[in-house]
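Reader: I am new to reading structures. Could you take one part and walk me through it closely? I would like to hear about the aromatic rings and what lies around them.

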Amino acid sequence: RLINQSDITSSVASLDMTDIFSDTFDVYKIVSSNLDGDTTVDLNVNVINSSGTVSNSNYEYSWYRLRNDSFSDVRSTSATTWQNGFGQSGTEGASCVAYVLNPFSSSSYTFMLSQAGGMSGSEGRMIKFIGVHDVKSRVTGLKLTASGGNLTTGNIAVYGVRNWVYN
C-alpha cells in the first residue's frame, strides 16, 4: 500500500520523510527514481524518531560498489549515518529500491537493505547496501542527505508491505 510520495523539484541538501512508519506494517519498501545531484553526491540516510533526526554513532553498515572498471567495499560499526544507503548520484540521476524492517518496534533494531544504480559522469555505479541502527527505539521516518552537494530532482515512494505474524 502506498504510504507517502515525495517529489524533489528544487535544490535541497536533504529531505525529511516524517511519519511514514507506524504499527500497521513491519516491512516497508522505498523506491526512489531520478535522484539528480548538482554534483556527485553520497545519498546518506538517518532515522527519524519523535525527537527528530538521530545522528548518534549507532549506525552499522556494509556496502559494495561496482564501477565500470573496479569495485570497493566499505564497512562501519560506529557511524553517524548510513553512508550511501540510497547509493550515489551525479547529474545523470540514480534510482534505488530499499526495504526497511521493524522501524516502529521499540523492542527491535531497525534494519535497511537496498540496491541502487546511478551514473557519475560516464561511469556507472551500482551499490548493494545493508545496515542496522542498533538502538531499540521507535522510528517514524527517514532523512535522506546529499553529502557533498544538493539534490535537484527526484521521486521517492514509500510502501507498506507486510506485518509479521507472531505466534
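Author: What follows looks at the aromatic rings, then at a charge over a ring, then at a nonpolar patch on the surface. Keep in mind that this is a predicted model.

Start with the count. There are six aromatic pairs. Take the one made by Trp82 and Phe129. Their ring centres are 6.3 Å apart. Their planes stand at 70 degrees, and over 60 counts as edge-to-face, so that is the label for this pair.

Where do the two residues sit in the chain? Trp82 is in the loop between strand S7 (71-79) and strand S8 (88-89). Phe129 is in strand S11. They are 47 residues apart, so the pair links distant parts of the chain.

Are these two residues buried or exposed? Buried means under 20% relative accessible area. Trp82 has 0%, so it is buried. Phe129 has 3%, so it is buried too. Both also belong to one aromatic cluster, together with Tyr59 and Tyr61.

Another ring has a charge for company. The charged end of Lys136 sits over the ring of Tyr109, 5.7 Å from the ring's centre.

Now step along strand S11, which spans residues 123-133. Ile130 lies in this strand. At 45% relative accessibility, Ile130 is partly exposed. Ile130 helps make a nonpolar surface patch of about 550 Å². The other members are Leu2, Val97, Tyr99, Leu113, Tyr159 and Val161. Strand S9 (94-101) and strand S13 (151-162) each give two or more residues to that patch.

Terms used:
Residues numbered from 1 in each chain as written. Predicted model: local features only at pLDDT ≥ 70, side-chain atom pairs only at ≥ 80, totals over all residues. Heavy atoms only, no water. Patch = residues over 30% accessible without salt bridge, like charges linked within 9 Å, V, L, I, M, F, W, Y side chains within 5 Å. Areas by Shrake-Rupley, 256 points an atom, 1.4 Å probe, with all protein chains shown as cover. Salt bridge = Lys/Arg side-chain N within 4 Å of Asp/Glu carboxyl O. Helix = DSSP H or I, 4+ residues; strand = E, 2+ residues; numbered from the N terminus. Buried < 20%, exposed > 50% of the residue type's maximum accessible area, 1.4 Å probe, protein only. Phe/Tyr/Trp six-rings, centres within 6.5 Å; stacked < 30°, edge-to-face > 60°. Lys NZ or Arg CZ within 6 Å of the ring centre and 35° of its normal.
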